[in-house]
Amino acid sequence: VGCYGAMPLLAILVGKAFQLEPALAAGLVLVACINGAQASNLCTFIGRGDLALSVLMTTMTTIGSIVMTPLMCKLLLGQTVPVNAGA
């Protein structure tokens, strides 16, 4: 919920609170939609936590971001950015 719900909504609120230009607000939302929990694996290892669970959760959110990042941008910004994957 945090990486695909709270973070993008918080980005929209911050963009509106600081009255950012539409391009900057869109960039803020895009960055908020992208999963960034890779450092959590290191923190889990150092803290002697359940490293297998941490790696599993990071892997699942990374795989989920393939679909969720464009979907969240479409829902929150009203448009997507076309990417030429063959280039």
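Mentor: Helix axes here are lines fitted to C-alpha atoms over the stretch in contact, with angles taken between N-to-C directions from 0 to 180 degrees. The model is predicted.

Trainee: At what angle do the axes of helix α2 and helix α4 cross?

Mentor: Helix α2 covers residues 22-33 and helix α4 covers residues 51-77. Their axes come within 9 Å. α2 passes α4 in a right-handed crossing, and the angle is roughly 145°.

Trainee: How many residues of the contact of α2 with α4 are charged?

Mentor: From α2 the contact takes Ala26, Val29, Leu30 and Cys33. From α4 it takes Thr69, Met72, Cys73, Leu76 and Leu77. These divide into 8 nonpolar and 1 polar, and the number of charged residues is none.

Trainee: Which helix gives the largest share of the largest nonpolar core?

Mentor: That core has 5 residues in all: Ala11, Val29, Ala32, Cys33 and Met72. A share of 3 residues, the largest, comes from α2.

Trainee: Which residues are in contact with Ala32, leaving aside its neighbours within four places in sequence?

Mentor: Ala32 is one of the residues of the largest nonpolar core, as is Ala11. With the neighbours within four places in sequence left aside, the contacts of Ala32 are Cys3, Met7, Pro8 and Ala11.

Trainee: Is Ser54 buried or exposed?

Mentor: Ser54 is found in helix α4. Beyond its neighbours within four places in sequence, Ser54 is in contact with Ser40, Asn41 and Thr44. The cut-off for buried is under 20% relative accessible area. Ser54 has a relative accessible area of 10%, so Ser54 is buried.

Terms used. Residues numbered from 1 in each chain as written. Predicted model: local features only at pLDDT ≥ 70, side-chain atom pairs only at ≥ 80, totals over all residues. Heavy atoms only, no water. Helix = DSSP H or I, 4+ residues; strand = E, 2+ residues; numbered from the N terminus. Left-handed = near helix turned anticlockwise from the far one by under 90°. Contact = heavy atoms within 4.5 Å. Nonpolar A, V, L, I, M, F, W, Y, C, P; charged D, E, K, R; others polar. Core = buried A, V, L, I, M, F, W, Y, C linked by side-chain atoms within 4.5 Å. Buried < 20%, exposed > 50% of the residue type's maximum accessible area, 1.4 Å probe, protein only.
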